[in-house]
Number of protein chains: 2
Amino acid sequence: MANSASGDSLIERADRILASFSAATSRLTAAQIAQRAGLPSSTAHRLCAEMAQRGWLDREGNAYVVGTRLWELATRSAPDSSLAVLATPFMQDAQAALGQHIQLGRIEGNEVLILQRLSERGAREISSTVAGRLPLHVSAAGLVLLAWLPDDDRTAYLAALRDTGQAVPQGSVRTLAAVLSSVRATGHAVQTGNLEPDRTGIAVPVRGARATVVAALGAVIDRAAAAVDPAATVQVLRAAAHGIERTLKEHRVA
Amino acid sequence: MANSASGDSLIERADRILASFSAATSRLTAAQIAQRAGLPSSTAHRLCAEMAQRGWLDREGNAYVVGTRLWELATRSAPDSSLAVLATPFMQDAQAALGQHIQLGRIEGNEVLILQRLSERGAREISSTVAGRLPLHVSAAGLVLLAWLPDDDRTAYLAALRDTGQAVPQGSVRTLAAVLSSVRATGHAVQTGNLEPDRTGIAVPVRGARATVVAALGAVIDRAAAAVDPAATVQVLRAAAHGIERTLKEHRVA
């Protein structure tokens, strides 16, 4: 059905068009989309026009942005969106006590997918954005999610990291493994200055049905702006995580 | 390209599949999707499977939910999502003062599209949801958006309402027109008990570039839980709207 000469389906091509957009490049011409999506120019022009007709893309001058209708269709019933909505009031509670940035992420592939982020007015920007991703082993939320992965999956992740010879902020994959044991033992993760200097991230797990960890709740604290009291921060986050867990149970989500 | 016998394109059919899902029906089998989307069962099964392969739908048991990847693609760069993220800290400020529900909506077609909603923990649920819609003339946010429509558009909306003979909460279309004049004169709208008894909605405009009204910021107050002081509520909402306007200007959004 609707396969191009190269054998990829129309859904696949539409997906590549949508994937050309990012938080940093939210407005693209059809020519830029063709290049980023690796599609022939004529295909990109035709398909963008068709997507714009349905509101999956919106025209802005001579360029396209991701469309309102697609946002609406993808948001109004998505489980990720429900989890974010249910968690938000408890994230607000934590933010009232801690200020700065509070975020909720869950594992997706080998990364952290940020489902929700609350930022204090005037807080210095951080790199993570709603629907953005972070690598698992460099953020506090990622360490929490990695620590509670099923053993086989965690072992495979660490083995892949070792094989690529990639630098890890913990110094070595062996040290990272020890850090993950300690995260499981203490019930929280603390990371300092990995993603951004002068920031400390602190995160705790959020559990769903059958006590599985379904998300990580974290605070990102600007050490230039505030003293960090990890113990107090962990307690506030735990209280909020507990509230989220209760709500998930009430709503039978996760 | 990829047109079915009935002439609709694959994008059109995928759109109808996604549109079958709603906040109330977030989990559907392929048979339910076929029925809601008005598609032959074999088409729905095949297309759902293809969409699931790209992560536009996720499988949950024998049913489908809207997929994480689609949510991510639609959220990370959508202008609606950026507007919601930029507005959230100011909505939190308003909520700290007013409690209950604070929401941000903008006009889309002839309806209010809810971009963001913050709800106090334990607040009694309201019918509007993030990415949900409300009719323009029955909500306070809708009245604000309707009041600042270009004159021709507003006249056309009122004429259509008159032609359908639909009951309007204001009693008559003539009264509604007078209410809209008063909303423009006072700079805010108040609606009581239209969408839900015991609730009062109060909303103010949010202006973008060239002073155009780009959104409405509203509070929904449960009169059973709290006394409503409209004047004070309007002042708090105005302060928050002003903050949102300043941020939109700084970020050159809207």
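This passage describes the contact between chain A and chain B in a predicted model, followed by the surroundings of selected residues.

The two chains are related by a simple operation. Chain B superposes on chain A after a rotation of 180° with 0.0 Å of shift along the axis, at an RMSD of 0.1 Å. The two copies are thus related as by a two-fold rotation axis. The interface residues agree with this relation: 100% of those in chain B are also interface residues in chain A, so the copies meet through the same surface. Chain B contributes 55 residues to the contact, and chain A contributes 55 residues.

The size of an interface is often given as the accessible area lost when the parts come together. Between chain B and chain A about 5,200 Å² is buried, and carbon and sulfur atoms account for 62% of this area. Eight salt bridges are counted between chain B and chain A. In one salt bridge, the side chain of B:R69 meets that of A:D15, with an N to O distance of 2.7 Å. Polar contacts between chain B and chain A number 22 residue pairs, with both residues at pLDDT 80 or more. On chain B, the side that touches chain A draws at least two residues from each of several elements, namely the helices α1 (10-19), α3 (41-53), α4 (68-75) and α5 (79-98) and the strands β2 (63-66), β3 (101-108) and β4 (111-119). The greatest contribution to this side of chain B comes from α5(B), which supplies ten residues. By class, the side of chain B that touches chain A consists of 29 nonpolar, eleven polar and 15 charged residues.

Helix α4(B) is mostly covered, with seven of its eight residues buried. The buried residues of α4(B) are B:T68, B:L70, B:W71, B:E72, B:L73, B:A74 and B:T75.

Two further positions in chain B were examined individually. Residue B:I244 lies in helix α9 of chain B, which spans residues 230-250. Its relative accessible area is 1%, and B:I244 is therefore classed as buried, the cut-off being under 20%. With neighbours within four places in sequence set aside, B:I244 contacts B:A87, B:F90, B:L104, B:V206 and B:L217. Between B:I244 and B:Q166 the separation is 78 residues in sequence and 35 Å in space, C-alpha to C-alpha.

Residue B:R154 belongs to helix α7 of chain B, residues 151-164. B:R154 also counts as buried, at 10% relative accessibility. The side chain of B:R154 reaches the backbone oxygen of B:A147 at 3.1 Å. B:A147 is also among the residues touched by B:R154 when those up to four places away in sequence are not counted; the others are B:L146, B:L149, B:L180 and B:R184.

In chain A, residue A:I126 is found outside the helices and strands, in the loop between β4 (111-119) and β5 (133-135). A:I126 is nevertheless buried, with a relative accessible area of 6%. Apart from neighbours within four places in sequence, the residues in contact with A:I126 are A:H101, A:Q103, A:R117, A:E196, A:R199 and A:V220. A:I126 and A:A167 stand 41 residues apart in sequence, and their C-alpha atoms are 22 Å apart in space.

Notes. Residues numbered from 1 in each chain as written. Chains lettered and ligands numbered in written order. Predicted model: local features only at pLDDT ≥ 70, side-chain atom pairs only at ≥ 80, totals over all residues. Heavy atoms only, no water. Contact = heavy atoms within 4.5 Å. Buried area = accessible area lost by both parts, 1.4 Å probe. Salt bridge = Lys/Arg side-chain N within 4 Å of Asp/Glu carboxyl O. Polar contact = N/O pair within 3.5 Å; in protein donor to acceptor, adjacent residues only side chain to side chain. Helix = DSSP H or I, 4+ residues; strand = E, 2+ residues; numbered from the N terminus. Nonpolar A, V, L, I, M, F, W, Y, C, P; charged D, E, K, R; others polar. Least-squares fit on C-alpha atoms with pLDDT ≥ 70 in both. Buried < 20%, exposed > 50% of the residue type's maximum accessible area, 1.4 Å probe, protein only.
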